[in-house]
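Me: I've got a model here with a couple of chains and some DNA. Could you walk me through who touches what?

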2 protein chains.
Amino acid sequence: MARAGLSAERLTRAGAELADEVGFDQVTVSALARRFDVKVASLYSHLKNSHELKTRITLLALEELADRASDAVAGRAGKDALTALANVYRDYAREHPGRYAATQFRLDTKTAVAVAGVRHAQLTRAILRGYDLTEPDQTHAVRLLGSVFHGYVSLELGGGFSHSAPDTQETWERALDALDALLRNWPSPTS
Amino acid sequence: MARAGLSAERLTRAGAELADEVGFDQVTVSALARRFDVKVASLYSHLKNSHELKTRITLLALEELADRASDAVAGRAGKDALTALANVYRDYAREHPGRYAATQFRLDTKTAVAVAGVRHAQLTRAILRGYDLTEPDQTHAVRLLGSVFHGYVSLELGGGFSHSAPDTQETWERALDALDALLRNWPSPTS
DNA sequence: CCGATTTGCCTAAAGGCTTTAGGCAAACTA
DNA sequence: TAGTTTGCCTAAAGCCTTTAGGCAAATCGG
């Protein structure tokens, strides 16, 4: 009986594709086995359990996203960089909804979160070089940008801005205008 | 054999409590049956299926949240209202993580989304009366505020701002300062 | 080239969750 | 109080996860 050539990597990639097709929480070990035309138990030689599969997909997505983001901000600054980074997140979520959903998966491996999370934070921090912010404002700004990107993308993906006027594309552009203006003129604490 | 006095409402409330205790996606018909010390099949007289249970919990959470938000913005304006509204979302998420997670549950009943979503949008719109924005900027601002609130709360809840300095409370305050400044000085399109 | 070992996928089976069908007794209703 | 409705039950089927143990294919040492 010929071997299927399974491996944790192949399973993870296939799982990511599956997630994009049917949704991240429909990704199951069974479904993946069907996709490889293999018995379910066979996957357990490569994966500890269902949770590990999801974790791996999450990490894959976070890395892909960070790779794209790195490329996008390279050689850009200021609003140009801001827009490029923002669009990476938005486009990735639209192209790969399942993988994007995976990035919201709660990772228990604290270190894994750290590794992936830190890389994204650093990218965001990089685009702030074009603006005149010092610590701790820079950190506040990183968090705010992360919130806006993630929040917008999630709401749009989830149908939160249900097809009403004006166009969401326009809102997106105006939101980036607004963030740019904000970063160029960051307010001091009210206290 | 004494009756347990089940009903869709009681099950929904208990489901919401369960969600806060063990997480929204651990809410199962079985777990709920155990909680009422009743056989699983009994719940199917009150609920069409597992999906309906989750949908009901979602709607419950959205309403609770909107109720709190209504109270909070009543009689306030400008930054005061902005802060009050923002804190409602954040506090609710912290007090009721499971219910808050439920609000992200994808509702298929388009009308239900509409009902709940519209109410929240209107509340956000209400606080914008204290600022000088006209359409379509008002809508853009509503969406931006929604994104920030949702994005921040999700990331904080998911451990995205992993216990690093500076304090997330400080970031939250500075983010609200920033949004206030932005709304008082909303930029015109770049184009 | 071949026997020994490792590795990969398989069968088998147990346990959990969902959902449907049909039954009996408690609670309304007249 | 008799009849009807309603609520919870037992039973059973189907799908998913996970573990245990087996056989054959791939790999390696002589």
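Me: Which element gives the most to the surface near DNA strand D?
Reply: Bear in mind that this is a predicted model. The elements giving two or more residues to that surface are H2 (29-36) and H3 (40-43) of chain A, plus H3 (40-43) of chain B. The one that gives the most, with 3 residues, is H2(A).

Me: How do the residues near DNA strand D divide into nonpolar, polar and charged?
Reply: There are 21 residues around strand D, and among the nearest are A:Thr28, A:Ser30 and B:Ala41. By class, the surface near strand D splits into 11 nonpolar, 7 polar and 3 charged.

Me: And strand C: where does the largest share of the surface near it come from?
Reply: Around strand C sit 22 residues, with A:Ala41, B:Thr28, B:Ala41, B:Asn49 and B:Ser50 the closest. Two or more residues each come from H3 of chain A and from H2 (29-36) and H3 of chain B. The largest share, 3 residues, comes from H2(B).

Me: What's the class split near DNA strand C?
Reply: Tyr counts as nonpolar and Gly as polar in this tally. On that basis, the surface near strand C divides into 12 nonpolar, 7 polar and 3 charged residues.

Me: Which helix supplies the largest share of the side of chain A that touches chain B?
Reply: The contact takes 35 residues from chain A and 35 residues from chain B. On the chain A side, H7 (110-127), H8 (137-157) and H9 (168-184) each supply at least two. The largest share, 12 residues, comes from H8(A).

Conventions
Residues are numbered from 1 along each chain as its sequence is written. Chains are lettered from A and ligands numbered from 1 in the order in which they are written. This is a predicted model: local features need pLDDT of at least 70, side-chain atom pairs count only at pLDDT 80 or more; totals for chains, interfaces and linings use all residues. A residue is near a molecule or strand if its C-beta atom, placed from the backbone, lies within 6 Å of it. Helices (H or I, at least four residues) and strands (E, at least two) are DSSP runs, numbered from the N terminus. Two residues are in contact if their C-beta atoms, placed from the backbone, lie within 7 Å.
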